[in-house]
Amino acid sequence: MSEMEKSDLIQQQQGHRLSEDSESDDEVVESVARQPAANVADDRGMKRPNDDSDDDDDAGQTPAKEPRDNATVVASHYNKLEERGLYERSKSRIFYMRNFNNWIKSILINRYLDRIKDKAALGTPLRVMDMCCGKGGDLLKWIKGNITHLICTDIAEVSVEQCEARYNNINQKNDQGGKPFTAEFFAADATLQRLREKYRDPSIDLHLVSCQFAFHYCFESLKQAEFMLKNAAECLKEGGYFIGTIPDANEIMKRQRAAGGDSFGNDVYKISFLCDTEKPPLFGAKYNFQLDGVVDCPEFLVHFPTLVKLALKFGLRLVEKKRFDEFYEESVSSGRGLLEKMQALETFPGFSRDDRERQQNREEYRHAQQYLDRKDGRHTKVGTLSKSEWEASTLYMFFAFQKMKKSWDKEGKPVYS
């Protein structure tokens with residue numbers, strides 16, 4: 001299939017959005033060897049799933065003042081998630097969706113690491129914070145990005161311990177094709193605790209802060225949102241970047257209104273609102289998110305215009321934002337090799353009997369079959385996601401903010417430009 005044809009199919013499904021956790025790069029790359037796939041059918045329409053594996057691990061942060069506050073619920077959920085073997089994960093209903101989300105993260109991280117390196121002098125140390133690191137699903141991305149030092153923090157203490165163990169294991173193998181970096185690990189709630197006070201060197205300058213599938217937890221309250229933004233911005237160098245992935249609130253509300261009720265989803269994800277959907281508040285717009293039996297947590301809508309205004313207060317200027325489906329279309333040509341290596345798309349029709357039996361659900365793969373039918377037998381296979389997975393993944397968006405230049409006014413207050 002030609003490059004153009006492989007990109008063709010991406011226009012037939014409905015969008016949705018996803019929450020977090022994908023498998024770690026190393027685990028995904030080692031996954032079952034199959035024919036490369038390179039196409040997704042796409043539409044637009046709903047809202048969010050979470051990933052669960054390595055990005056089982058992207059734990060997000062959340063606090064509140066209920067009998068059992070949201071921070072405790074979220075931390076407990078991710079602390080209890082068990083490590084699953086590669087074979088078991090490959091049988092998951094959301095296996096390809098998680099790989100697809102992980103591919104999105106890889107492209108995003110590489111993009112901004114490259115921008116930083118392009119401006120830095122040769123040999124400049126490259127320091128990163130992985131805020132809400134989970135079990136370390138992005139460790140290989142940092143190794144391949146040739147960073148110098150990494151700070152890993154998360155609200156879930158067990159996840160941080162697993163992240164550190166994974167880091168030590170990778171360093172012992174030392175066969176991942178990148179230079180080892182130094183790292184530090186600690187558990188903290190980034191929406192309520194000042195992270196800088198926990199760094200080995202509180203004076204450190206960071207070039208990049210990454211928060212994947214977790215930032216939305218801070219929109220429980222204004223105080224928590226401001227605290228998390230301060231943590232992201234406080235040690236960033238001028239010109240450094242804060243990047244992240246979150247559910248797209250507009251897409252979620254669009255799907256809620258189309259559903260005509262406070263609960264909606266498909267056989268992969270479900271969203272149930274726990275707040276007023278007619279006039280959702282700017283902070284504390286709470287809903288429960290379930291993903292394929294592995295995620296069941298309270299989350300919060302992020303009103304993006306409010307986020308942009310709050311970020312300016314801490315010297316962060318919006319550089320870029322895109323939905324996952326838009327980012328895919330923009331990046332698939334240059335990222336096709338990695339897309340295939342990470343098995344971010346499912347081959348249709350499948351090669352194994354199990355694959356073909358699963359794909360007998362015609363509604364889930366109608367878009368892929370229609371694509372092949374239009375090719376009049378010229379192509380016999382195509383890369384795609386199932387309809388339900390695509391709806392879940394396209395609930396998400398990414399953002400990138402840049403730290404502005406700081407000066408001081410006559411009253412000693414910071415002024416950013």
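Here are a few friendly notes to help you find your way around this structure.

1. Before anything else, please keep in mind that this is a predicted model. The protein chain holds 417 residues, and buried residues make up 59% of them. Its secondary structure comes to 16 helices and 15 strands, so-called H and E elements in the labels used below.

2. Two overall figures are worth having at hand. The protein chain exposes about 16,700 Å², of which carbon and sulfur atoms supply 48%. As for contacts with a separation of 6 or more, 80% of them join residues that lie 24 or more positions apart in the protein chain.

3. A good place to start looking is an open sheet of four strands, which run in the order E6-E7-E8-E9 with antiparallel pairing. Which strands form its edges? They are strand E6, residues 263–265, and strand E9, residues 295–300, and each of these pairs on one side only. From one strand to the next, the twist averages 20°.

4. You can follow the pairing in this sheet residue by residue at one of its edges. Strand E6 meets strand E7 (residues 269–273) in the antiparallel sense, over three bridges. Within that pair, Phe-264 has Ile-271 of E7 as its bridge partner. As background, strands of a sheet pair through backbone hydrogen bonds, and they do so in either a parallel or an antiparallel way.

5. Next, have a look at helix H12, which spans residues 324–331. Phe-324, Asp-325, Phe-327, Tyr-328 and Ser-331 are buried there. Where do these residues sit around the helix? They are on the same side of H12, because they cover an arc of only 160° around its axis.

6. The UniProt record, an unreviewed entry, carries the annotation "binding site" for Lys-105, Cys-132, Asp-154, Asp-189, Gln-212 and Tyr-217. Please read this as a statement from the record; such annotations may be inferred rather than shown by experiment.

7. Two of the annotated positions, Gln-212 and Tyr-217, can be placed in the model. Gln-212 belongs to strand E4, which covers residues 206–212. Tyr-217 lies in the loop between E4 and helix H9 (222–233).

8. Are these two residues buried or exposed? Gln-212 has a relative accessible area of 1%, so it counts as buried. Tyr-217 is buried too, because its relative accessible area is 0%. Both values fall under the 20% cut-off that is used for calling a residue buried.

Methods. Residues are numbered from 1 along each chain as its sequence is written. This is a predicted model: local features need pLDDT of at least 70, side-chain atom pairs count only at pLDDT 80 or more; totals for chains, interfaces and linings use all residues. Side-chain values use heavy atoms; hydrogens and water are left out. Helices (H or I, at least four residues) and strands (E, at least two) are DSSP runs, numbered from the N terminus. Buried means under 20% relative accessible area, exposed over 50%, partly exposed in between (1.4 Å probe, protein chains only). Contact means heavy atoms within 4.5 Å. Accessible areas come from the Shrake-Rupley method with a 1.4 Å probe; for residues, only the protein chains shown count as cover. Two strands pair if DSSP finds at least two bridges between them. Axes are lines fitted to C-alpha atoms, for helices over the stretch in contact, and angles run from 0 to 180 degrees between N-to-C directions. The arc is that of the directions from the helix axis to the C-beta atoms.
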